[in-house]
Amino acid sequence: CALVAPTAFAINRTPGRRGMILRAAENNDGHDYLTLAEEMEEREPHYASVLGTRKRAVSGLDVVVESATDDPADVRLADAVRDLVRDAVFGDLIEDLLDALGKGYSVAEIMWNTRGGQWWPREYVWRDPRFFRFDQATGRELRLIDPENVAQGVPLAPYKFIVHKPRLKAGIPLRGGLARPVAVSYMAQRCAPPGWLEFAWVFALARAPGRVGRRGC
């Protein structure tokens with residue numbers, strides 16, 4: 001199935017519009033919510049810093065691979081996995097999958113090298129989460145958006161995608177990322193100050209004592 005490029009979207013900054021975005025995500029419509037999550041990470045320095053700290057805490061860990069048993073077949077399999085882990089592209093994969101900390105899930109597509117009779121990952125390509133949606137029944141099965149079935153999507157091809165769901169919070173993945181609780185404070189920072197300044201200006205005009213000018217003798 002071809003990946004469908006998400007349409008461009010400009011976030012409306014009004015509190016009412018932000019509330020609609022969060023409610024839509026609760027009902028499994030995450031397109032605008034994911035756009036908001038990306039905007040917050042780009043425009044809110046503290047939030048981006050916190051996410052970066054969490055990502056580096058994971059990506060900086062050494063990956064340990066152990067064979068399931070001492071059986072020669074299991075040992076060979078573990079050695080093959082260690083070779084994959086040592087590849088530089090594996091580090092990029094970890095970084096890309098950690099995008100899920102903010103948005104609730106992240107997807108990377110495996111580009112296979114099939115030469116020589118064996119399949120080996122040649123590259124892992126991060127895919128925009130707006131290419132996907134969760135099923136309507138459970139809100140947990142990730143599906144690929146298809147032009148002919150945008151509402152439901154189609155099942156992911158087997159052995160083609162790697163999906164990370166961090167489960168920072170119980171419930172559906174769209175509500176499990178850090179972006180959701182941050183959205184409220186982000187809205188307050190972006191929307192409230194102009195309103196408070198306007199209120200203070202009007203209040204000052206109404207309450208300020210009148211000035212009386214006198215000509216000196």
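The following questions and answers go through a predicted model, from its cores to its sheets and helices.

Trainee: Which helix gives the most residues to the largest nonpolar core?
Mentor: That core has 28 residues, and Tyr-33, Met-40, Tyr-47, Tyr-105, Phe-132 and Leu-174 touch the most other members. Among the elements that give two or more residues to this core are helix H1 (15-26), helix H2 (31-43), helix H3 (45-59) and helix H7 (179-207), along with strand E3 (132-134) and strand E4 (142-146). With five residues, the one that gives the most is H2.

Trainee: How many residues are in the second, separate core?
Mentor: In soluble globular proteins, nonpolar side chains tend to be buried together. Here a second core stands separate from the 28-residue one, and Val-65, Val-85, Leu-93 and Tyr-124 are included in it. Its number of residues is nine.

Trainee: What span does H2 reach from its first C-alpha to its last?
Mentor: Buried residues in H2 include Asp-32, Tyr-33, Leu-34 and Met-40. H2 has 13 residues, and the expected span at 1.5 Å a residue is 18 Å. The computed span is close to that, at 19 Å.

Trainee: Is Leu-22 buried or exposed?
Mentor: Leu-22 lies in helix H1. Leaving aside neighbours within four places in sequence, Leu-22 is in contact with Tyr-33, Arg-180 and Ala-183. Buried means under 20% relative accessible area. Leu-22 has 16%, so it counts as buried.

Trainee: How far apart in space are Leu-22 and Tyr-33, C-alpha to C-alpha?
Mentor: Tyr-33 is one of the residues in contact with Leu-22. In sequence the two are eleven residues apart. In space, C-alpha to C-alpha, the distance is 6.5 Å.

Trainee: Why does Ala-48 count as partly exposed?
Mentor: Ala-48 is placed in helix H3. Ala-48 and Gly-102 are 54 residues apart in sequence, yet 9.5 Å apart in space, C-alpha to C-alpha. Partly exposed is the range between under 20% and over 50%. Ala-48 falls in that range because its relative accessibility is 27%.

Trainee: Which backbone nitrogen lies 2.8 Å from a polar atom of the side chain of Asp-128?
Mentor: Asp-128 is in the loop between strand E2 (120-127) and E3. At 15% relative accessibility, Asp-128 counts as buried. The backbone nitrogen at 2.8 Å from its side chain belongs to Arg-130.

Trainee: At the start of H4, which residue's backbone nitrogen is reached by a side-chain oxygen of Asp-71?
Mentor: Helix H4 (residues 72-86) has 15 residues and spans 21 Å from first C-alpha to last, close to the 21 Å expected. At its start, the side-chain oxygen of Asp-71 comes to within 2.9 Å of a backbone nitrogen. That nitrogen belongs to Ala-73.

Trainee: Which strands are the edge strands of the sheet with the order E2-E1-E6?
Mentor: This is an open sheet of three strands with antiparallel pairing. Neighbouring strands in it are turned by 25 degrees against each other on average, direction ignored. Each edge strand pairs on one side only, and these are E2 and strand E6 (161-164).

Trainee: What is the bridge partner of Val-107 in E6?
Mentor: Strand E1 (residues 106-113) and E6 run antiparallel and are joined by four bridges. Within E6, the bridge partner of Val-107 is Val-163.

Trainee: At about what angle to E2 does helix H5 run?
Mentor: Helix H5 covers residues 88-97. H5 lies across E1, E2 and E6, and its angle to E2 is about 25 degrees.

Trainee: Why is one side of E3 left without a neighbour in the sheet?
Mentor: The open sheet has the order E3-E4-E5, with antiparallel pairing. E3 and strand E5 (149-155) stand at the edges, so each has a single partner strand. The twist from one strand to the next averages 55 degrees. One side of E3 lacks a neighbour because of its position at the edge.

Trainee: How many residues lie between E4 and E5 in their hairpin?
Mentor: E4 and E5 pair in the antiparallel sense over three bridges. Arg-143 stands opposite Pro-155 in E5, and Asp-146 stands opposite Asn-149. The number of residues between the two strands of the hairpin is two.

Note on methods. Residues are numbered from 1 along each chain as its sequence is written. This is a predicted model: local features need pLDDT of at least 70, side-chain atom pairs count only at pLDDT 80 or more; totals for chains, interfaces and linings use all residues. Side-chain values use heavy atoms; hydrogens and water are left out. A nonpolar core is a set of buried Ala, Val, Leu, Ile, Met, Phe, Trp, Tyr and Cys residues joined through side-chain atoms within 4.5 Å. Buried means under 20% relative accessible area, exposed over 50%, partly exposed in between (1.4 Å probe, protein chains only). A polar contact is a pair of N or O atoms within 3.5 Å; within protein, one must be able to donate a hydrogen and the other to accept it, and residues adjacent in sequence count only if both atoms are side-chain atoms. The expected span of a helix is 1.5 Å times one less than its number of residues. Two strands pair if DSSP finds at least two bridges between them. Axes are lines fitted to C-alpha atoms, for helices over the stretch in contact, and angles run from 0 to 180 degrees between N-to-C directions. Contact means heavy atoms within 4.5 Å.
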